[in-house]
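Hi,

Here is the structure I said I would pass on. Have a look at it first, and my notes follow underneath.

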Amino acid sequence: MIFFGKVVDINDTKKLGRAKVKVYDLHDNIETKDLSWSMALMPANTPAQFGHGQSVNLQIGTLVVGIFLDSAQQEFLIQGSLPTKTDGVEDNNVRVRGEADPNAGEPAGGYQPVSGYQPVYPYNNVMETESGHVKEYDDTPSHERIMERHMSGTQYEIIANGSKNETIVRDNYRLVVGHDTLEVYGDVRIIVSGHADIAVGGNLTTSVTGNIAADAFGDITLKTNDTTKRVVLDANVLVKGNLTVNETTTTSAQSSSRTPVLLDGHDHDETHSPITQTGIPN
Amino acid sequence: MLKLESLIVNVNNQDLSAMVLNMTIFESIKGYLRGSFTVQDNINFYDTFIHTTQPPIQIQFEYLNTLCNNVFYGNGVSNMKIEKLGKVYTIHFISYTAMNDQLTIINSVYSGTSDLIVDKLFLESNKGNALLQIDSRADTKGRYVVPNIKAGSAINHVVSKAYDTNNSGLCLYQRLYDQGFTRLTSLWDMSENYFFGDDKEIFNLTQRLAGTSEGSDGLSGEDMVGTSASFELSEYYMNFTKKLADGNWGNKIQQIHLDETAIKKFEVNERTDVPVTVYKTSDNLYDDNVKSLFSLGFEPSSFAVNNQRKRSYGQYMNVLNVVAVPGLSAGFTVGLDQGGSNISSTKTDDNNYIIANINHRFIMDDGEFDYAQDIGLIRE
């Protein structure tokens, strides 16, 4: 015989995933503290041993169905939960029911694509926890999506065409102990509203087929902290503005265009030997 | 047979004894008192007092200077024959506790030993208007959440799984001569509870031609008490093989422990090793290491207790038409006096039997009531 009841306690002192169930009619006058703990039947796709598989996820108030294992009706076994309407409130998730996206009004980035959320009942498979963590596997035709979301709003969504949209509402940190590779066939756009720092333990190599442009409103500083090292400009240098040298200038060029170079306020065109200029420019 | 010295049958405070043709009252170690009596109703008593009510019925009689008084409740009428001179019908009755056991629903929690839980359930069922005599203390204990069921069912659950320190099962029953209260006694204690005769010796049911007059066989009335011409060993380990297979003499028990996800195997401590796999009620149903009253329900010892209950009926003897013994009741142990015959016992070293039931029969004869007892006897 099958019985129905309501979960009234989930704080199993032995942490076995058990719950106390107040079985309708049978436990109407029994206080929660006197009720027995009931095990919950899990689906066969969870191993239910050694910490493997899914954990029991019942809430106080969940309507459950089950049987008694003994003739004296002391040990109840929860066979499943029943999503209906608890106290008049729909138990099925709004995303399952295909209603409006409950997170639609949240702030988005300036370049952020719109969500692919367009579920149709009964295609959307949703798991939402008590605090609001959500997993969606939406099989709605032409709008197949995967979405995983933290209750804070941090989430990722993979829409029907395979595009992925990720939102992190606070800080992001990623540790890669080994190597990391990002391969992009198209363009990459990085927009940083604050500062950006790159710290490299080894060499930093940038290989660009086209141009490199560094545009700043402030100074651009190239500096090596080792005095034996130099900043090498391994190509022709075009200086469109003024060139200021605070320390010694050494030229080791094998040839010169003989174009006068303005140094210290007057022209030099010496080509036969290196020129060493000392003193403060006038 | 010897005759009653008096009989009063009050139904709704109306004495029907003059209308009673015969009466039986049945007592057994397996339950409560019940019975029936047949009346010749030529005053239309049925239509006036019975047909829409469950009337209280007081039955009081005196027999060999022993007064017996009990109150029952009507439980229906059967076999009504409507004749020209009136109606003949049988009024059935049950005890007050039997009625309450059916009509009271219990939804509560009890803890303690089985005997104390039975005591509380009994009190709840009868609202303190009936008494329970606990002859044997139970060794089983724990918590029992009564799931909104009849008091009788709840009590049966507890009693059926209860046993005492001697691993002997408990019985809840009523005796006619206890005049209203109910007993909880183990089979072990019943076997030690001898019914003594006037000579302070264990009373023997004696095989004699009873019912004849003193003049014809030389027996005085007192000599005739407890005699019967008919000792019938109606069952001696009948279907023994089947009972062996059913485990009445022990099972090889494999017990599934869901708490540990393990199967525990117990050594056979009785005669057979017919295997049986049982499920054990969890030891961890409740917090604070409180166990269920039924946690022990499937231990081998519990099986042994149930087996003993069944085995005790393996030798079942009927002693019919006994010249009634005043005070003799179910749950007593008596001896058998075989006389010149050897039919009364199959074990020469033990002539003692527990009285499993007595059918008290009162038959109208010449305006007086003969009182006979049909007695069922059991032992291991």
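Before the notes, one cut-off: a residue is called buried under 20% relative accessible area, exposed over 50%, and partly exposed in between. By that rule A:Thr32, with a relative accessible area of 28%, is partly exposed because its value falls between the two limits. Please keep in mind that this is a predicted model.

Staying with A:Thr32 for a moment: you'll find it in the loop that runs between strand S2 (19-23) and strand S3 (37-40) of chain A. Which residues does A:Thr32 touch, leaving aside its neighbours within four places in sequence? The contacts are A:Val8, A:Asp9 and A:Lys20. For one of these, A:Asp9, the separation from A:Thr32 is 23 residues in sequence, while the C-alpha atoms sit 7.4 Å apart in space.

Now chain A as a whole. How many helices and strands does chain A have? The count is zero helices and 14 strands, so if you read the elements from the N terminus on, you get β every time, because the run is β-β-β-β-β-β-β-β-β-β-β-β-β-β. Of its 282 residues, 20% are buried. Its accessible surface comes to about 22,300 Å², and carbon and sulfur atoms account for 50% of that. As for contacts in chain A between residues at least 6 apart in sequence, 33% of them link residues at least 24 apart.

There is also a nonpolar patch on the surface of chain A, about 670 Å² in area. It is built from A:Leu222, A:Val231, A:Leu233, A:Val237, A:Val239, A:Leu243 and A:Val245. Take A:Val231 as one of its members: this residue lies in the loop between strand S12 (164-167) and strand S13 (261-263) of chain A, and at 43% relative accessibility A:Val231 is partly exposed.

Over in chain B, the surface carries a patch of negative charge where B:Asp198, B:Asp199, B:Glu201, B:Glu222 and B:Asp223 come together. Is B:Asp199 buried or exposed? B:Asp199 is exposed, because its relative accessible area is 52% and the cut-off for exposed is over 50%. Its place is the loop between helix H5 (187-192) and strand S16 (204-207) of chain B.

Last one from chain B: B:Gln102 belongs to helix H2 (residues 96-103) and is partly exposed, with 44% relative accessible area. B:Gln102 and B:Ile149 are 47 residues apart in sequence, with 9.4 Å from C-alpha to C-alpha.

Cheers

How values were computed:
Residues are numbered from 1 along each chain as its sequence is written. Chains are lettered from A and ligands numbered from 1 in the order in which they are written. This is a predicted model: local features need pLDDT of at least 70, side-chain atom pairs count only at pLDDT 80 or more; totals for chains, interfaces and linings use all residues. Side-chain values use heavy atoms; hydrogens and water are left out. Patches are made of residues with over 30% relative accessible area and no salt bridge: like charges are joined within 9 Å, nonpolar side chains (Val, Leu, Ile, Met, Phe, Trp, Tyr) within 5 Å. Accessible areas come from the Shrake-Rupley method with a 1.4 Å probe; for residues, only the protein chains shown count as cover. A salt bridge is a side-chain nitrogen of Lys or Arg within 4 Å of a carboxyl oxygen of Asp or Glu. Lys and Arg count as positive and Asp and Glu as negative; His and the chain ends are not counted. The place of a charge is taken as NZ of Lys, CZ of Arg, CG of Asp or CD of Glu. Helices (H or I, at least four residues) and strands (E, at least two) are DSSP runs, numbered from the N terminus. Buried means under 20% relative accessible area, exposed over 50%, partly exposed in between (1.4 Å probe, protein chains only). Contact means heavy atoms within 4.5 Å.
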